[in-house]
Amino acid sequence: MPESNEEPAFWSVTVDQLLDRLHSSDQGLSHADAAERLGRSRPLKARKRPAWSLLLDQFKNPIIVLLFCSAVLSFTMPDERTNAWIILVIMLGSGLLGFWQELSAADAVARLMGMIETRATVLRDGTECEIPLPAVVPGDVIRLSAGNLIPGDCRLLDARDLFLNEAALTGESFPAEKSVCTLPESTSLGNRRNSLYLGTHVISGIGSAVVVNIGRDTEFGKISERLEHKPPETGFERGLRQFGTLLIKIVVVITVVVFAIKVGLENRPIAESLLVTLALAVGMTPQLLPAVTSIVLAAGAKAMARHQVIVKQLISIENLGSMTVLCSDKTGTLTEGIIQLKETLDVSGDHSDRVARFAALNAHFQTGFTNPIDRAILDHSPIDSADITKLDEIPYDFVRKRLSVRVLTKGQRCLITKGALANVLDVCTTTETSSGELVELESRRDSIDALFSQMSNEGLRVLGVAIRAVDTPHIDKQDEQDMTFLGFLVLADPPKSDARQTLADLRQLGVGLKIITGDNRAVAATVSRWVGIESPVIVTGVEVRNWSTEALRHRAQAADVFAEVEPNQKERIIRALQESGAVVGYMGDGINDASALHAADVGISVASAVDVAREAAQIVLLKQDLSVLVHGVREGRRTFANTLKYIFYAIAASFGYMFSLAVVSLILPFEPLLASQILLVNLLADIPAMALATDNVDPEQIDRPRRWDIRFILRFMMSFGFASSMFDFLTFGAMYVAFGGAPEKLFQTGWFVESTLTGVMILLVVRTQRPFLLSRPGTMFMLAAALTAAITVSLPYAPFAATLGFVTPPARLMVIVIAITLLYGAGMEGVKRVFYRYLAH
């Protein structure tokens, strides 16, 4: 049950009072009670759009609305009622076709999203269990650790060095420390250190909290009810918008000029002229572009899922295909990601069981978050903890880079610290020799540094272990001092056997890899050489910190490896690469990767990543492997190529055909095509266009990154559009000569067949840069094209042909139309060859 507005604010009452108000306890809810509360909850607006909204979108085009109004107007004119019915039926059929395809695409994406569900750890009936984040209800007690997303507005029950990122809510970029206390009701949002909020996440520490509000009753929910947050425009969306703007300008100019001439100079009836000019506008407008784009993207998402790549945001597929630089850590991408504890050494470099035992105690009793290093330690050195008691813990954070636990063992209270070697040495003053003697750390520092350098140059990761006797009741970070350094944990993460080939595949696709790692430069350099980067250009975090933004932008392009990088420097490196003109992908799975994933053009994570990283990413890999991503890049480019095919078709065929129609309609004493016939041409053309989602793509269309180029599209439209119009005029001339001026119905029948058949032909031509006979189309696409051609040729002979305004054409007319169609295909091949050789660039 959500908090009532009449009651004191949840941060201003005691924990016991709040639990009573929520009818809960520190042991959480029962499963039955939680299920009942979930039924009464008010979730945030669902991401999935309802079916009626998708259906409505098919008819939101203002031109379609105008045409619908014109059709309704036609019902008032007895001679135009049949034509009005035909227009309405064709409009409805076109809209339902787009609706069905978009609905199928949305359902496919929803099924894929279900594979990467984010979960929360809660207490139900006093037992910890994991449930989907949307199943959390008020009164639930949740367990918190680093990387967890906060599922609702909560009150803290207990905490240990708990820090949260609240930037999404407060705008404050520094971590907010949380503690158990009671605050005045007037405390501002940013100062409520006893409260946690939806939309934030845990950076470090551990704790538990009771959920007070969820969904629309949260602070985040109240904001989202008032504001619609629109994500930044991607390159793909920007290209679509620019293309739409260009097309609208052209359509408006042509239709206004044609309408003005028809009514003003030729004294044609206003209603008839309005119907024809609006039908012209519809024909020139690729109103199915949103539907075709959704279908192609959804088909791409399903194909990528077969390669274990889940797309969370369809539009990010194009960015993945356009990616020129991929930034990633080495762990799990270039290396196996299965960390092994190779050896435990004392300060002399000899094997040490004592180091192994204390490291295992630290790994066993820490509760901050599960990680592969602790798993490797426990696999190497299992321990029996029956006679050992955990007393306290200082969780890991990215500033200290250490993790400490205090245990009671054999009557002694011992603080055990492990972490990055330099950070552990910083809190040590003594060290143990092989005989157990304590000596000053400084006396052995040179030999320690030499061992560290030697192991790093072999590509091994080295951590330090230290201990200290601490008898205080509670410990904090200040107790990490005057410790005794015991020795080294030597960790190995061997390179993947196919890493070298994978990097070669990415380079062949025009994607460069830049490694961003916290490891020291020696380890990073060794791993880079293992995977084929023979002379890596290495930049360290210290250099990044000291460089200006301008200097980093220039240096980042040449760098292969960024080593010893601090978490907050990752986003800065990505911004620098973007400013230099690169389309940047970032692959991360850690707590400190969220801001970099947001900043990148395409954020990539893995299914095993922490919650905040997986939620920030647009693409999630079910397998942490760059070779999987290579398939994703190819599929992204295949998707973009098929989207461009529809656009090339729309501007080459539709624009040329409608331009011809507009010119001829000003010359002939009758309309060259009725409004219903224009719409019928448009509808038939959409059948093969819809099948482009399954079309094959030539290898040369996916071997390099491709991006929107409006100037290229404009040159394409002028070249192919006007060339297409020349063949339309040829048809007009041939019918005029062969049939002595061509009666109205015969002319309309002939031009309808020619327009539709040449539309299919131009689609075959522009779908490839090769001669179209040398490029194999997809099976579904060819079947759709053949079906469209068959319907077109048979319609004039159908029993209802007269209703559509057709007459039975003589055989000679059909021979002329088919001959012109074949000549048209050959001519467009010539135009294509000239265009790509001389005009494309």
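**Exercise 1. State how many helices and strands the protein chain has, and what share of its residues is buried.**

Solution. The protein chain of this predicted model has 28 helices and 23 strands. Of its 841 residues, 55% count as buried. A further step concerns the range of the contacts: among those between residues at least 6 apart in sequence, 73% join residues at least 24 apart.

**Exercise 2. Identify the residues that touch the most other members of the largest nonpolar core, and the helix that gives the most to this core.**

Solution. Step one: the largest nonpolar core has 61 residues, and Leu 326, Phe 562, Ile 604, Leu 621 and Leu 626 touch the most other members. Helix α23, residues 626-667, gives the most to this core, with 5 residues. Step two: a second, separate core has 47 residues, among them Ile 250, Ile 295, Met 761 and Leu 764.

Step three takes Ile 604 as a case. With neighbours within four places in sequence left aside, Ile 604 is in contact with Leu 320, Leu 326, Tyr 586, Met 587, Gly 588, Leu 597, Ala 617, Ile 619, Leu 621 and Leu 629.

**Exercise 3. Determine how many of the residues of helix α17 are buried, and what covers them.**

Solution. Step one: helix α17 spans residues 521-530, and 7 of its 10 residues are buried, so the helix is largely enclosed by the rest of the structure. Step two: the buried residues are Ala 522, Val 523, Ala 524, Ala 525, Thr 526, Val 527 and Ser 528. Step three: their cover includes α15 (445-457) together with the strands β18 (512-516), β19 (538-540) and β20 (561-563).

Step four looks at the two ends. At the start of α17, a side-chain oxygen of Asn 520 reaches to within 3.0 Å of the backbone nitrogen of Ala 522. After the helix comes Gly 532, with a positive phi near 105°.

**Exercise 4. Describe the crossing of helices α26 and α28: its angle, its handedness and the residues that meet.**

Solution. Step one: the axes of α26 (residues 744-766) and α28 (residues 811-839) come within 9 Å and cross at roughly 35°. The crossing is right-handed.

Step two: α26 contributes Leu 746, Gly 750, Val 753, Glu 754, Leu 757, Thr 758, Met 761, Ile 762 and Val 765. From α28 they meet Leu 813, Met 814, Val 817, Ile 820, Thr 821, Leu 822, Tyr 824, Gly 825, Met 828, Glu 829 and Lys 832. Step three: sorted by class, the contact has 13 nonpolar, 4 polar and 3 charged residues. Step four: an α-helix has 3.6 residues a turn, so residues three or four places apart point the same way. Met 761 of α26 is also a member of the second core.

**Exercise 5. Classify Lys 178 and Gln 701 as buried or exposed, and list their contacts.**

Solution. Step one: Lys 178 is in strand β5, residues 176-178. Its relative accessible area is 4%, under the 20% limit, and therefore Lys 178 is buried. The side chain of Lys 178 makes a polar contact with the side chain of Glu 166 at 2.6 Å. Not counting residues up to four places away in sequence, Lys 178 touches Leu 156, Ala 159, Leu 162, Leu 164, Glu 166, Arg 192, Arg 193, Ser 195 and Leu 196.

Step two: Gln 701 is in the loop between α24 (675-690) and α25 (710-738). Its relative accessible area of 6% makes Gln 701 buried. Beyond neighbours within four places in sequence, Gln 701 is in contact with Ala 641, Lys 645, Arg 706 and Arg 767.

**Exercise 6. Place Glu 336 in the chain and classify its accessibility.**

Solution. Step one: Glu 336 is in the loop between β9 (325-328) and β10 (340-346). With a relative accessible area of 34%, Glu 336 is partly exposed. Step two: the C-alpha atoms of Glu 336 and Gln 624 are separated by 9.0 Å, with these positions 288 residues apart along the chain. Step three: apart from residues up to four places away in sequence, Glu 336 touches Asp 493, Pro 494, Pro 495, Lys 496 and Ser 497.

**Exercise 7. Give the phi values of Lys 410 and Asp 482, and the accessibility of each residue.**

Solution. Step one: Lys 410, in the loop between β12 (402-409) and β13 (412-420), has a positive phi near 55°. At 75% relative accessibility, Lys 410 is exposed. Step two: Asp 482, in the loop between β16 (461-469) and β17 (483-492), has a positive phi near 50°. Its relative accessible area of 47% makes Asp 482 partly exposed.

How values were computed: Residues are numbered from 1 along each chain as its sequence is written. This is a predicted model: local features need pLDDT of at least 70, side-chain atom pairs count only at pLDDT 80 or more; totals for chains, interfaces and linings use all residues. Side-chain values use heavy atoms; hydrogens and water are left out. A nonpolar core is a set of buried Ala, Val, Leu, Ile, Met, Phe, Trp, Tyr and Cys residues joined through side-chain atoms within 4.5 Å. Buried means under 20% relative accessible area, exposed over 50%, partly exposed in between (1.4 Å probe, protein chains only). Helices (H or I, at least four residues) and strands (E, at least two) are DSSP runs, numbered from the N terminus. Contact means heavy atoms within 4.5 Å. A polar contact is a pair of N or O atoms within 3.5 Å; within protein, one must be able to donate a hydrogen and the other to accept it, and residues adjacent in sequence count only if both atoms are side-chain atoms. Axes are lines fitted to C-alpha atoms, for helices over the stretch in contact, and angles run from 0 to 180 degrees between N-to-C directions. A crossing is left-handed if the near helix is turned anticlockwise from the far one by less than a right angle, and right-handed if clockwise. Ala, Val, Leu, Ile, Met, Phe, Trp, Tyr, Cys and Pro count as nonpolar, Asp, Glu, Lys and Arg as charged, and the others, Gly among them, as polar.
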